[in-house]
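Dear colleague,

Please find below the structure that I am handing over to you. I should be grateful if you would look at it alongside the notes that come after it.

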Amino acid sequence: MHKKGIVLMNLGSPDSTAVKDVRRYLNEFLMDERVIDIPKLLRFLLVRGIISPFRAPKSAKAYKSIWWEEGSPLIVLTQQLQAALQHAVTAPVTIAMRYGNPHPKKAYDELLAKVPELEEVIVVPLYPHYAMSSYETAVEYAKEIHAQENYAFKLTILPPYYKHESYLDALASSIQPYLNEEYDHILFSYHGVPERHIRKGDTTGCHCLKVDNCCEVDSPAHAQCYRHQCVTTTHLVAGMLGIPKEKYSFSFQSRLGQDEWLKPYTAKRLEEMPKEGIKKLLVACPAFVSDCLETLEEIAEEGKEEFIHAGGESFTMIPCLNVHPKWVEAIVDMVEEAV
Ligand SMILES: C=CC1=C(C)c2cc3[nH]c(cc4nc(cc5[nH]c(cc1n2)c(C)c5CCC(=O)O)C(CCC(=O)O)=C4C)c(C)c3C=C
Ligand SMILES: [Fe+2]
Ligand SMILES: [Fe+2]
């Protein structure tokens with residue numbers, strides 16, 4: 001790892017729970033053409049005129065309910081991961097966010113300050129699955145800043161690792177202890193995306209959401225199909241843990257707006273499950289490697305309330321990989337393979 005540096009790249013959070021900071025963050029996030037993929041003027045009117053003004057106060061309240069003394073859980077956990085990884089490798093490790101702070105330029109400059117002869121930076125997107133609105137936008141942004149600032153070092157980006165053995169091993173190890181308690185079912189809840197994004201990313205133009213059972217039928221489209229990659233992670237990790245088919249399923253959360261998003265929707269499944277006899281539920285969220293608003297508030301608070309209200313008896317959210325030692329090992333493995 002001579003003359004190399006590592007950047008852990010996550011999504012980002014508002015600087016604080018103040019409505020003005022949440023609004024600024026939402027404006028930056030939702031003005032991303034890979035997140036809301038409509039013409040720029042229309043996007044501007046929608047985000048500035050409708051979504052942000054209504055959503056910012058609501059989101060600020062949600063952030064307040066999960067915020068830690070040290071700051072946003074997503075940022076703090078990414079910093080903790082940075083520290084844990086730094087113990088395991090000789091190359092300097094920094095963090096960057098797609099939206100908000102710290103900016104990728106700051107991360108690159110920090111590495112240069114530590115290694116002035118820096119030759120290569122390995123970017124580790126903290127998203128296991130490829131989605132236009134997560135992995136792709138983070139990676140393109142990292143490349144854009146690298147090109148804009150004319151850095152002399154080479155940029156190497158880790159590919160999506162949704163089926164990488166070391167990642168799956170870490171995920172399975174983080175879930176395993178929870179299977180020792182009595183449970184009826186384990187739900188793998190992934191962040192959703194609009195179905196349109198899946199069709200748009202279909203490199204064959206004729207597979208995703210067009211062929212019956214598309215995610216189970218081999219296709220080159222899968223290299224960029226978020227749904228396929230989530231389904232694959234689910235089956236592989238369930239297989240590693242020996243969970244029988246009838247005891248696990250997957251769903252998609254966090255729908256925004258009126259478009260059709262990937263189904264089944266988590267909120268709907270949480271309401272239906274108790275009526276199907278599922279009373280003791282475990283929930284894992286493999287689309288996120290660090291706990292964040294979407295896991296701590298939407299699943300552990302809101303989701304739990306919905307499930308219990310619908311007749312469920314116990315609801316356990318399994319924490320994300322966060323700083324799990326096997327996750328740190330997995331990053332080391334993947335970085336070593338990439339250089
Ligand atoms: C069109 C809207 C959105 C798409 C598409 C989307 C995809 C997507 N997002 C993540 C990961 C995270 N999203 C988080 C928060 C969040 N996401 C959206 C909208 C879309 N995301 C919004 C508006 C927000 C902000 C909060 C809110 O108002 O609900 C987070 C949490 C950030 C935090 O600070 O804790 C994560 C992480 C993925 C992986 C993804 C596509 C696969
Ligand atoms: Fe999101
Ligand atoms: Fe598919």
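The notes below take up the domains, the ligand shell, two helix pairs and some backbone features in turn.

Please bear in mind throughout that this is a predicted model.

Domains

The chain falls into two domains: domain 1 comprises 4–161 + 325–338, and domain 2 comprises 165–317. Taken over C-alpha atoms, the centres of the two domains are 23 Å apart. At the boundary, 26 residues of domain 1 are in contact with 24 residues of domain 2. On the domain 1 side, α2, α3, α5 and α12 each contribute at least two residues to the surface that touches domain 2. The greatest contribution to that side comes from α12, which gives six residues. By residue class, the side of domain 1 that touches domain 2 consists of 17 nonpolar, five polar and four charged residues.

Ligand 1

Where does ligand 1 lie with respect to domain 1 and domain 2? Both domains give residues to the shell around ligand 1, so the ligand lies between them. There are 24 residues around the ligand, and those that come nearest are S13, S59, A131, C292 and L293. Four helices each supply at least two residues of this shell, namely α1 (19–30), α2 (40–66), α5 (132–148) and α10 (293–296). The shell is made up of 15 nonpolar, seven polar and two charged residues.

Helices α1 and α2

Two of the helices that supply the ligand shell, α1 and α2, also pack against each other. Their axes come within 8 Å and cross at roughly 130 degrees. Because angles over 145 degrees count as roughly antiparallel and those from 65 to 115 as roughly perpendicular, this crossing makes α1 oblique to α2. The crossing of this pair is right-handed. From α1, the contact is made by V19, V22, R23, L26, N27 and L30. From α2, the contributors are V47, R48, I51, S52, R55, A56, P57, S59, A60 and Y63. In this contact, 10 residues are nonpolar, three are polar and three are charged. S59 of α2 thus appears both in the contact with α1 and among the residues that come nearest to ligand 1.

Helices α3 and α12

The second pair consists of α3 (residues 73–88) and α12 (residues 325–338), whose axes come within 10 Å and cross at roughly 60 degrees. That angle makes α3 oblique to α12. The crossing of α3 and α12 is right-handed. A84, L85 and A88 of α3 meet V328, I331 and V332 of α12 in the contact. Its residues divide into six nonpolar, no polar and no charged. Both helices also supply at least two residues each to the side of domain 1 that touches domain 2.

Backbone features

You may wish to look at two cis peptide bonds. One joins N101 and P102, with omega at about -5 degrees; P102 is located in the loop between β2 (93–97) and α4 (104–114). Another joins K263 and P264, with omega at about 0 degrees. P264 belongs to the loop between β6 (248–253) and α9 (266–272). S254 is also placed in the loop between β6 and α9. What is the sign of phi at S254? Phi of S254 is near 70 degrees, which is a positive value in a residue other than glycine.

With kind regards

Definitions and conventions. Residues are numbered from 1 along each chain as its sequence is written. Chains are lettered from A and ligands numbered from 1 in the order in which they are written. This is a predicted model: local features need pLDDT of at least 70, side-chain atom pairs count only at pLDDT 80 or more; totals for chains, interfaces and linings use all residues. Axes are lines fitted to C-alpha atoms, for helices over the stretch in contact, and angles run from 0 to 180 degrees between N-to-C directions. Angles under 35 degrees count as roughly parallel, over 145 as roughly antiparallel, 65 to 115 as roughly perpendicular and the rest as oblique. A crossing is left-handed if the near helix is turned anticlockwise from the far one by less than a right angle, and right-handed if clockwise. Two residues are in contact if their C-beta atoms, placed from the backbone, lie within 7 Å. Ala, Val, Leu, Ile, Met, Phe, Trp, Tyr, Cys and Pro count as nonpolar, Asp, Glu, Lys and Arg as charged, and the others, Gly among them, as polar. A residue is near a molecule or strand if its C-beta atom, placed from the backbone, lies within 6 Å of it. Domain bounds come from an automatic or database domain assignment.
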